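The exercises below are meant to be worked with the coordinates open, and each is followed by a solution that goes step by step.

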Amino acid sequence: MQLGFDKKDRGYPWLSMLLDGYSIIDSGVETYIQVEVARGKRSLACHKGCGNCCISQTDIPVYPHEVAGIYWYVTEKLPQEARSLLMGQIDASQIDISAPCPFLGGQECLIHAVRPASCRVFNVFDTPCQQDEDPFYTRQFDVLLPPQEYINEAFYTVLPFYGLKDRYDRMDALEDGLINSRIMNLKTYNWKELFNK
Ligand code: SF4
Ligand code: SF4
């Protein structure tokens, strides 16, 4: 389900593109999961409160349009208590890359509605990950394949954020991997600017 936004957020023209893109990715993930479940009678291991991946993964891809979404969400939507928690965690994560993702608040993602595509597509079947387990290495068969055609469609949707509105320019940009060339790591990104530190 797409996150709603109120009147004043309409001042951010890229926001609806970002949320549309996430909606496309979520529906791709759901479709791929259903196919796997039907094919192998498997069950999804990921569930609310299961966050070992948010603790152990050190490389979490994030793109500029997603950073913009996180900035918007943290400054406009996050309650003060969660912002204070986040501020302390950002300090810790900048010092130590092996620290949990700074956006993990207890057992929950503080920015769940605008978490990056990389978090949305990372799903595991049958057995929840152990602490420090990276299932890509321990049991790749249990990791959901990324719904690539949906990811491409989502990237196509957000390309106006990068100044590309023409249909053919957007198709060329997709082929050339323009968005992929802007990849960053959520763990090492300088989130301190969120709090003007
Ligand atoms: S990827 Fe692993 S640790 Fe993360 S929510 Fe799914 S089962 Fe839990
Ligand atoms: S952004 Fe949220 S879902 Fe992604 S790693 Fe961080 S806490 Fe986990």
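**Exercise 1. Residues with positive phi**

Is Asp126 buried or exposed? Place Asp126 in the chain, and then treat Asp132 in the same manner.

Solution. The model is a predicted one, and the values that follow are computed from it. Step one is the count of neighbours: Asp126 has 12 other C-beta atoms within 10 Å, and because a residue with 12 or fewer is classed as exposed, Asp126 is exposed. Step two is the location, which for Asp126 is the loop between helix 5 and helix 6 (135-138). Step three is the backbone: phi of Asp126 is near 70°, a positive value in a residue other than glycine. Most residues other than glycine have a negative phi. Asp132 is likewise placed in the loop between helix 5 and helix 6, has a positive phi of about 70° although it is not a glycine, and counts as exposed with 9 C-beta neighbours inside 10 Å. A further positive phi, of about 50°, is taken by Lys41 just after helix 1.

**Exercise 2. Two helices and what covers them**

Check the lengths of helix 1 and helix 3 against the expected rise, and list what packs on their buried residues.

Solution. Begin with helix 1, residues 15-40: at 1.5 Å a residue its 26 residues should span 38 Å, and the end C-alpha atoms, 37 Å apart, agree with this. Its buried residues are Leu15, Leu18, Leu19, Gly21, Tyr22, Ile24, Ile25, Gly28 and Val29, and what covers them includes helix 3 (64-76), helix 5 (117-121) and helix 7 (148-158). For the spacing of such positions, recall that an α-helix has 3.6 residues a turn, so residues three or four places apart point the same way. Turning to helix 3, the 13 residues should span 18 Å at 1.5 Å a residue, and the end C-alpha atoms are 18 Å apart, which agrees. The buried residues of helix 3 are His65, Glu66, Gly69, Ile70, Tyr73 and Val74, and they pack against helix 1, strand 1 (61-62), helix 4 (80-95), helix 5 and helix 7.

**Exercise 3. The shells around the ligands**

Which residues surround ligand 1, and which are around ligand 2? Sort each shell by class.

Solution. Around ligand 1 stand Ala45, Cys46, Cys50, Asn52, Cys53, Phe122, Val124, Pro128 and Cys129, a shell that divides into eight nonpolar, one polar and no charged residues. Around ligand 2 are Cys54, Ile60, Cys101, Phe103, Leu104, Cys109, Ile111, Arg115 and Cys119, and here the classes are eight nonpolar, no polar and one charged. Ile60, one of the residues around ligand 2, also leads to a distant part of the sequence, since Ile183 is 123 residues away from Ile60 in sequence but 9.7 Å away in space, C-alpha to C-alpha. Ile183 lies in the loop between helix 8 (167-176) and strand 4 (184-185), counts as exposed with 12 C-beta neighbours inside 10 Å, and touches Pro61 and Tyr63, not counting residues up to four places away in sequence.

**Exercise 4. The chain as a whole**

How many helices and strands does the protein chain have, and how does its radius of gyration relate to the globule rule?

Solution. The count gives eight helices and four strands. The radius of gyration is 17 Å, close to the 16 Å that the globule rule gives for 197 residues, so the chain is as compact as a globular protein of that length. Along its principal axes, the C-alpha trace spans about 45 × 45 × 30 Å. Buried residues make up 26% of the 197 residues. Finally, among contacts with a separation of 6 or more, 76% join residues 24 or more positions apart.

Methods:
Residues are numbered from 1 along each chain as its sequence is written. Chains are lettered from A and ligands numbered from 1 in the order in which they are written. This is a predicted model: local features need pLDDT of at least 70, side-chain atom pairs count only at pLDDT 80 or more; totals for chains, interfaces and linings use all residues. A residue is near a molecule or strand if its C-beta atom, placed from the backbone, lies within 6 Å of it. Ala, Val, Leu, Ile, Met, Phe, Trp, Tyr, Cys and Pro count as nonpolar, Asp, Glu, Lys and Arg as charged, and the others, Gly among them, as polar. Helices (H or I, at least four residues) and strands (E, at least two) are DSSP runs, numbered from the N terminus. The expected span of a helix is 1.5 Å times one less than its number of residues. A residue is buried if 20 or more other C-beta atoms lie within 10 Å of its own, exposed if 12 or fewer, and partly exposed in between; C-beta atoms are placed from the backbone. Two residues are in contact if their C-beta atoms, placed from the backbone, lie within 7 Å. The radius of gyration is taken over C-alpha atoms; the globule rule is 2.2 Å times the number of residues to the power 0.38.
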